[in-house]
Amino acid sequence: MEHNKVIQVTHLTKTFGDFTAVNAISFEVEKGEIFGFLGANGAGKTTAMKMLIGISTPTSGKARVAGFDVFTHAEDIKRNIGYMSQKFALYDDLTVKENITFFGGIYGLSRKQIREKSALLIDELGLEKVAHSLVGALPLGWKQKLSFSVSLIHDPKIVFLDEPTGGVDPIARRQFWEMIYKAANRGTTVFVTTHYMDEAEYCDRVSIMVNGRIEALDTPKKLKEQFKAANMNDVFLKLARG
Amino acid sequence: MKRFRGFIQKEFYHIFRDKRSLFILFGMPIAQILLFGFAITNEINNVDIAILDHSKDATTEEIINKIGASKYFSIQQIIEKEADIETIFKKGKVKAVLTFEKDFSKNLIKEHKATVQIIADATDPNTANTISNFVNAILQKYQNELNKEVTIAYQIVPETRMVYNPELKSVYMFVPGVMTIILMLVSAMMTSISITREKELGTMEILLVSPIKPFQVILGKVFPYIFLSIINAIVIVLLSLFIFDMQVQGSLFLLGLESVLFIVSSLALGILISTISASQQTAMMISLMGLMLPVILLSGFIFPISSMPLPLQIISNIIPAKWFIIILKGIMLKGVGIQFIWKETLILFGMTVFFIGLSIKKYKIRLE
């Protein structure tokens with residue numbers, strides 16, 4: 001079932017001068033999977049992710065995302081993925097509706113599609129009352145959900161989430177993960193980086209990066225068995241301390 | 001194209017919802033033109049002067065009357081002794097004192113020579129200079145009247161005619177300069193700030209991950225400012241016409257084209273600045289220090305380039321604004337056509353191409 005592998009990475013490497021940020025990592029992600037990409041700060045998560053979303057060219061190795069080669073078809077990849085950064089980047093001085101319209105527009109949706117999408121989205125998120133308020137006035141948790149929905153506006157095959165739950169309260173985090181599950185159930189692959197170890201438990205599979213290498217990759221359950229740990233936090237600590 | 005239109009619409013939302021940028025965009029040009037036109041002026045009107053007349057005869061009285069009658073001076077005080085001069089200056093109201101020597105009239109007739117001393121308060125050198133010139137002119141005129149009856153052989157009378165700005169209105173000098181500054185400011189500073197803002201907010205990253213091309217992002221960001229800069233140029237020309245009665249002598253079409261060229265070069269500079277600055281503050285500081293100061297000091301806007309030391313004269317050549325001001329003065333004041341300013345236009349064009357090239361290169365490097 002080769003076509004079910006939406007991300008295929010072999011020996012992907014990125015060096016900056018003498019420093020090897022990402023050191024020959026290899027992994028595969030299947031369609032509809034929630035793939036957790038873990039690692040301490042500076043372990044190379046963000047660099048690896050930037051190569052996969054087509055804004056950084058790898059030094060060597062191979063990678064296919066959504067069926068396209070990252071070296072030669074970065075533009076095709078961009079059309080087929082969604083991306084949400086840790087800043088929940090939306091335009092604060094635009095209203096909820098204007099933000100949706102704008103991002104729908106740059107992904108090439110027609111006006112009719114945008115209208116349908118934004119109605120659906122606003123309804124799903126319960127944002128009817130604030131649809132015409134500026135995004136800057138919304139609480140962080142709402143911005144986060146809106147930002148996630150906007151990253152899914154063009155029904156991408158894969159959505160990349162870069163530490164999507166930073167700075168929000170536990171309830172908002174919980175609700176956010178429910179949204180992730182919904183997206184995965186609809187067949188969207190979710191590639192998520194996080195440093196909350198309890199969130200790692202929600203993933204189908206997790207990889208843990210240490211110093212540019214993937215040191216462990218499996219389901220949370222198997223990882224816990226392998227490292228004889230009670231929870232993912234312990235697994236992570238054992239790995240990070242070597 | 002549809003993507004692009006949505007992008008531009010978004011940019012206009014940004015601009016019109018930010019009171020600060022709106023103020024810079026539309027308040028600044030109006031404020032600057034009015035300030036430079038009215039407040040900062042080299043003309044003098046009703047300057048207070050004092051007279052110290054040691055002679056008190058018919059001739060000095062006639063001269064004093066002539067000076068008092070002119071619209072440039074008003075005689076504030078007649079003082080009696082030398083010692084008063086200093087006290088009167090220290091009070092600050094009187095800007096100049098005219099001292100007539102003893103036996104003025106007698107000397108004039110007997111020796112064909114009499115002296116008037118003009119003592120001007122040079123804490124403001126420009127005004128002092130102007131006052132002295134104006135008094136000289138009045139005395140010269142009086143002298144000519146006297147000499148009408150007497151024929152002196154071989155007299156050289158210099159007759160100065162100020163062309164292109166016969167009334168020496170300072171607004172004529174400031175309008176091209178202000179227009180240059182405003183276009184530069186709006187184009188370079190506002191663009192660099194608006195691009196770095198996207199970087200700061202993290203939305204630039206989102207845009208780069210989306211299918212929209214980087215050059216579309218940049219074009220989308222600069223397009224509204226081209227449009228607004230052109231409106232600003234029109235506002236400035238209209239203001240100077242209706243408030244200061246300054247007509248554009250040359251072709252408006254040519255003026256428009258040259259302005260667009262300068263706007264594009266400033267936009268390229270703005271993009272360049274945005275590639276080297278990480279925050280809006282940095283972008284603003286670089287724009288202000290790196291662009292505004294050289295434009296004000298070295299472009300010939302206020303200080304004539306020909307009287308600068310040689311190194312500064314050489315440096316002034318690399319400032320696009322210098323060339324644009326020459327072009328503007330040519331078109332607006334002298335009414336010249338392209339045949340007289342093609343060289344400056346070509347230089348400006350070359351600089352524009354260079355800046356665009358450099359900013360594209362820088363932008364690509366940054367993406368890596």
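Angles under 35 degrees between helix axes count as roughly parallel. In this predicted model, helix H5 (residues 140-151) of chain A packs against helix H6 (residues 170-185) of chain A at an angle of about 15°, and their axes lie 10 Å apart. H5(A) and H6(A) are therefore roughly parallel to each other, and their crossing is right-handed.

The residues through which these helices meet are A:Gly141, A:Gln144, A:Lys145 and A:Phe148 on the side of H5(A), and A:Ala172, A:Phe176 and A:Met179 on the side of H6(A). Sorted by class, this contact of H5(A) with H6(A) consists of 4 nonpolar, 2 polar and 1 charged residues.

Between the chains, the contact draws 21 residues from chain B and 20 residues from chain A. On the side of chain B that touches chain A, helix H1 (2-17) and helix H8 (203-209) of chain B each contribute at least two residues, and the largest share of that side, 8 residues, is supplied by H1(B). The residues on this side of chain B fall into 9 nonpolar, 5 polar and 7 charged.

The two contacts are set out by residue class below.

| Contact | Nonpolar | Polar | Charged |
|---|---|---|---|
| H5(A) with H6(A) | 4 residues | 2 residues | 1 residue |
| Side of chain B that touches chain A | 9 residues | 5 residues | 7 residues |

As for the domains of chain B, the assignment gives domain 1 (2-40 + 170-367) and domain 2 (47-147). The centres of domain 1 of chain B and domain 2 of chain B, taken over C-alpha atoms, are separated by 48 Å.

Technical notes: Residues are numbered from 1 along each chain as its sequence is written. Chains are lettered from A and ligands numbered from 1 in the order in which they are written. This is a predicted model: local features need pLDDT of at least 70, side-chain atom pairs count only at pLDDT 80 or more; totals for chains, interfaces and linings use all residues. Domain bounds come from an automatic or database domain assignment. Axes are lines fitted to C-alpha atoms, for helices over the stretch in contact, and angles run from 0 to 180 degrees between N-to-C directions. Helices (H or I, at least four residues) and strands (E, at least two) are DSSP runs, numbered from the N terminus. Angles under 35 degrees count as roughly parallel, over 145 as roughly antiparallel, 65 to 115 as roughly perpendicular and the rest as oblique. A crossing is left-handed if the near helix is turned anticlockwise from the far one by less than a right angle, and right-handed if clockwise. Two residues are in contact if their C-beta atoms, placed from the backbone, lie within 7 Å. Ala, Val, Leu, Ile, Met, Phe, Trp, Tyr, Cys and Pro count as nonpolar, Asp, Glu, Lys and Arg as charged, and the others, Gly among them, as polar.
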